[in-house]
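User: I'd like to go through a structure with you and ask how each label is earned. Could you show it to me?

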Amino acid sequence: MTRKNRIFLSLCAALLATDIGLVAVGAATARDALMAAMHDRAATLREGFSIALYTTELKLMEIASFVAELEDVKTHLAAAGEALAADPGGDAASGEVERHRQALMDIVGPRWTQLRFRYLLRQLSFYLPPDGTVFLRAETPYAHGDRAEGPDSLVARVAASRRAATGFDIDRLSVGLRAAVPVAGDRPLGVVEVGTSLDTMMIPICPSSRCGTAILLDRAAVERRMDGYALGATFTDDRRTGDWLIEASTNPAITRVLMDPVQGAELATAEAALVRVGDRWLAATRFPLRDHLGKEDPGRAAVGSVLAWVDVDDAVHAFERSQLVNVGVAVLAFLLIAGLIHLLLGVITRRLEGEVAQRTAQVEALLAEVSHLAHRDPLTELFNRRAFTGRLREEIERCRADGTVFSLVSLDLDGFKRINDAHGHATGDEVLLAVATVIRETIGAKDAAGRLGGEEFSLLLPGTGLEGATALAERLRLRLSGRPVLTPSGDTLRVTFSAGVAEWIPALDEAALLRRADELLYAAKAAGRDRVMGREDRRVTIQLAD
């Protein structure tokens, strides 16, 4: 062999070794980028579940609080409790209790039907003190008289603490996400509990078929709390997989594959795992599900897990194709010149970086959308209660620091329930949208507006005193009154509201300021509605319902 050939072969060997090394480095970098994207998607799914869980618990708490504040509910719970206390187990007491139970069912029955279909509720129950005896279950009016089980039940916890609470709960007959609120008059009267299935959270978390979520409960934890017949009826064979019970799932078949002994072990030890299911690649993650007690005590064992996955088949195939391209480019570069190797490798690197940037931008856009949903009312796009109260708290801290003032306006639509009853909830939504539009047209750029619930709105007016805030509220009232809403039947509705205006003083925190504005709002209601009350010296505690 000539020296020329030996040098050529040596150069080819060195070039081949370099090409192999470059291909290996490129593959590792691309895989790291792919796994980083998988971890980002897993984090997005976790955040989406947390937001959906918080939003659902907030809605349940609003409903339970509303029911607990109904005077008719207080009246019948109080009367039933007195009858049982006066003659425990007597026929006369039983008849009196049954009369009040039926009267309460007549009151809440129509509301229960609306709440069940509008908010996908599964439970509305009333309990009597002191031992949590079931007074009425709206979903099964014929089932009553049993008791909340032990210190682990949400009802027992709320009855003992006299403080409202929410969370996932497992009781003798069912499982679900619940909110419990004490009913109080001059003494404890009972507890109202509303509940829903975690199925209601699935669509907001994964609105497309390319992702999915499952709620898995630890079988041993459920068996300790649930009656055997109820457990068997609720969790049939098709809802069991190994040591887990499937409470809810957008795709049970995928859930079973991901929870088999091999995949389940990998998901338990990794933040996110790349799993092949059939002919598709999925990025999956699993994290603990805690009940209402676990929320207060993070050291308490979780009652289950949340399993979430997203289809990443396109990304994986893109990764595989990119590796084939890398090899082809390396072979071509080997046959050509070393300079061309560097040029083609730079192109490939930029291509991979562009793909990673695109995936990252998609994740950031999704996170931005989720953050927006967490702070805005989905119908009116105004601040929701949580975001508005947070803004109010910030304004109080700012004003205490710089000595400025601001005012708060609380307003409530007049006769809104009658609008919903007479014209339907679609017209009611149009009314709420019209109010939100007029509010945006009236307030200034530095002002904030929120929908605190139902037909209740609040305005935060930085740098505006009582006189200016009252004048703005009056302008808002006149504009809204002059902008009727068209009903489906062709009629026009004149929409009015009653409002209370309170100026902040340093002695008030956000809760006290909201109460002061609400007192003036109730005064406006009592004075005939369709008006604005803004006198600082007014102390009205009457509460009127539409």
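User: By class, what makes up the lining of the second largest pocket?

Analyst: Happy to help; please keep in mind that this is a predicted model. The lining has eleven charged residues, along with nine polar and nine nonpolar ones. The space in this pocket comes to about 450 Å³. Its lining counts 29 residues, and Gln123, Asp171, Leu173, Ser174 and Arg178 are the closest to the centre.

User: Which element gives the largest share of the lining of the second largest pocket?

Analyst: That is strand 1, with four residues. Strand 1 (121-128) is one of the elements that each supply at least two lining residues, and among the others are helix 4 (154-161) and strand 4 (175-184).

User: Why is the contact between Glu57 and Lys295 called a salt bridge?

Analyst: The closest N and O atoms of Glu57 and Lys295 are 3.2 Å apart. The cut-off is 4 Å between a side-chain nitrogen of Lys or Arg and a carboxyl oxygen of Asp or Glu, so the pair qualifies. Glu57 belongs to helix 1 (residues 3-68) and Lys295 to helix 10 (residues 292-296), so this salt bridge links distant parts of the chain, 238 residues apart. The structure holds 28 salt bridges.

User: Is Glu57 buried or exposed, and what does Lys295 count as?

Analyst: Buried means under 20% relative accessible area, and Glu57 has 10%, so Glu57 is buried. Lys295, at 38%, falls between that limit and the 50% above which a residue is exposed, so Lys295 counts as partly exposed.

User: What makes Arg280 and Asp313 a salt bridge?

Analyst: Their side chains meet at 3.2 Å, N to O, and that is within 4 Å, so the label holds. Arg280 is in strand 10 (residues 280-289) and Asp313 in helix 11 (residues 313-335), so the pair ties together parts 33 residues apart in sequence. Asp313 is buried at 3% relative accessibility, whereas Arg280 is partly exposed at 30%. Elsewhere, salt bridges with shared partners join Arg391, Glu395, Arg398 and Asp402 into one network.

User: How many aromatic pairs does the structure hold, and why is the one between Phe49 and Phe287 called edge-to-face?

Analyst: There are two aromatic pairs. For Phe49 and Phe287, the ring centres are 5.6 Å apart and the planes make an angle of 65°. Centres within 6.5 Å make a pair, and planes over 60 degrees apart make it edge-to-face, so both conditions are met. Phe49 lies in helix 1 and Phe287 in strand 10, so parts 238 residues apart in sequence are tied together. Both Phe49 and Phe287 are buried.

User: Why is the pair of Phe406 and Trp504 called stacked?

Analyst: The planes of Phe406 and Trp504 stand at 15°, with ring centres 5.7 Å apart; planes under 30 degrees apart count as stacked, so that is the name for this pair. Phe406 is buried at 0% relative accessible area, and Trp504 is buried at 3%.

User: Where does the charged end of Arg376 sit?

Analyst: The charged end of Arg376 sits over the ring of Phe383, 4.1 Å from the ring centre. The distance limit is 6 Å, so 4.1 Å satisfies that part of the test. Arg386 lies over the face of Tyr54 at 4.7 Å from the ring centre, and that distance is also within 6 Å.

Conventions. Residues numbered from 1 in each chain as written. Predicted model: local features only at pLDDT ≥ 70, side-chain atom pairs only at ≥ 80, totals over all residues. Heavy atoms only, no water. 1 Å grid on protein atoms, 1.4 Å probe; cavity = no way out; pocket = protein on both sides within 12 Å on 5 of 7 lines; lining within 4 Å. Points joined across faces, edges and corners; volume = space filled by probe spheres on them. Nonpolar A, V, L, I, M, F, W, Y, C, P; charged D, E, K, R; others polar. Buried < 20%, exposed > 50% of the residue type's maximum accessible area, 1.4 Å probe, protein only. Phe/Tyr/Trp six-rings, centres within 6.5 Å; stacked < 30°, edge-to-face > 60°. Lys NZ or Arg CZ within 6 Å of the ring centre and 35° of its normal.
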